[in-house]
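Please open the model in your viewer and keep the selection tool ready, since the tour below moves from one selection to the next and says what is found at each stop.

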Amino acid sequence: MEPDPRFTLANERTFLTWLSTALALSAGGVAMAAVPADVFVPWIRTALAVVLVTLSALAAGMAYPRWRNIQRALRRQDPLPPPALAAVFGYGVAAVAIMALILIILAA
């Protein structure tokens with residue numbers, strides 16, 4: 001059975017949002033890695049870049065499987081699968097914010 005097109009399109013928009021998020025995280029990681037070593041504490045800057053790029057890879061890598069699983073559930077009229085990486089992204093972004101705060105405090 002075909003799901004309501006609105007749900008399919010909403011699922012597609014969510015997929016594209018995951019990809020946009022992955023791109024933004026990747027850009028942030030690359031930008032952080034490109035900051036001159038004398039501006040921030042190098043090991044925190046590197047850790048921040050690694051966390052951002054890792055989150056980017058997870059977001060991009062899990063976007064399509066999540067879209068596919070939700071689409072399958074919509075077609076079968078099954079319950080939607082839970083967001084498997086929600087905690088990872090929540091805590092990951094919190095870790096990035098804490099590391100950025102440390103960088104700002106140490107640079108002052």
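Exposed, as the word is used on this tour, means a relative accessible area over 50%, buried means under 20%, and partly exposed covers what lies in between. Please also bear in mind that what you have on screen is a predicted model.

**Stop one: the start of the chain**

Select Arg 6, which with a relative accessible area of 61% is over the 50% cut-off and therefore counts as exposed. Now add Asp 4, and you will have a salt bridge on screen, in which the closest N and O atoms of Asp 4 and Arg 6 are 2.5 Å apart. Asp 4 belongs to the segment before H1, and because its relative accessibility is 25%, Asp 4 counts as partly exposed.

**Stop two: across to helix H2**

Keep Asp 4 selected and add Arg 75: these two residues are 71 apart along the chain, and their C-alpha atoms are separated by 9.1 Å. Which residue forms a salt bridge with Arg 75? Select Glu 2 to see the partner, for the closest N and O atoms of Arg 75 and Glu 2 are 2.6 Å apart. Glu 2 sits in the segment before helix H1 (5-34) and Arg 75 in helix H2, so this salt bridge ties together parts that are 73 residues apart in sequence. The two partners can also be described by their accessibility, Glu 2 being exposed at 58% relative accessible area, and Arg 75 partly exposed at 35%. The count of salt bridges in the model comes to two.

**Stop three: along helix H2**

Select Ile 44, a residue of helix H2, which counts as buried because its relative accessibility is 4%. If you then add Gln 71, you can follow a separation of 40 Å between the C-alpha atoms of Ile 44 and Gln 71, which are 27 residues apart along the chain.

**Stop four: the loop after H2**

Move on to Gln 77, which is found in the loop between H2 and H3. Most residues other than glycine have a negative phi. Gln 77, by contrast, has a positive phi, near 60°. Its side of the picture is completed by a relative accessibility of 57%, so that Gln 77 counts as exposed.

**Stop five: the largest pocket**

Next, select Met 62, Arg 66, Pro 82, Ala 84 and Leu 85, which are the residues nearest the centre of the largest pocket among the 14 that line it. The space in this pocket is about 170 Å³. Helix H2 (42-76) and helix H3 (86-107) each supply at least two residues of its lining, and H2 gives the most, with six residues. What classes of residue make up the lining of the largest pocket? Colouring by class should show 12 nonpolar residues, one polar and one charged.

**Stop six: a nonpolar patch**

Finally, keep Met 62 in the selection and add Leu 58 and Val 88, since these three residues make a nonpolar surface patch of about 210 Å². Met 62 thus appears at two stops, being one of the residues nearest the centre of the largest pocket and also a part of this patch. Leu 58 is found in helix H2, and its relative accessible area of 31% is the reason why Leu 58 counts as partly exposed.

Terms used
Residues numbered from 1 in each chain as written. Predicted model: local features only at pLDDT ≥ 70, side-chain atom pairs only at ≥ 80, totals over all residues. Heavy atoms only, no water. 1 Å grid on protein atoms, 1.4 Å probe; cavity = no way out; pocket = protein on both sides within 12 Å on 5 of 7 lines; lining within 4 Å. Points joined across faces, edges and corners; volume = space filled by probe spheres on them. Helix = DSSP H or I, 4+ residues; strand = E, 2+ residues; numbered from the N terminus. Nonpolar A, V, L, I, M, F, W, Y, C, P; charged D, E, K, R; others polar. Patch = residues over 30% accessible without salt bridge, like charges linked within 9 Å, V, L, I, M, F, W, Y side chains within 5 Å. Areas by Shrake-Rupley, 256 points an atom, 1.4 Å probe, with all protein chains shown as cover. Salt bridge = Lys/Arg side-chain N within 4 Å of Asp/Glu carboxyl O. Buried < 20%, exposed > 50% of the residue type's maximum accessible area, 1.4 Å probe, protein only.
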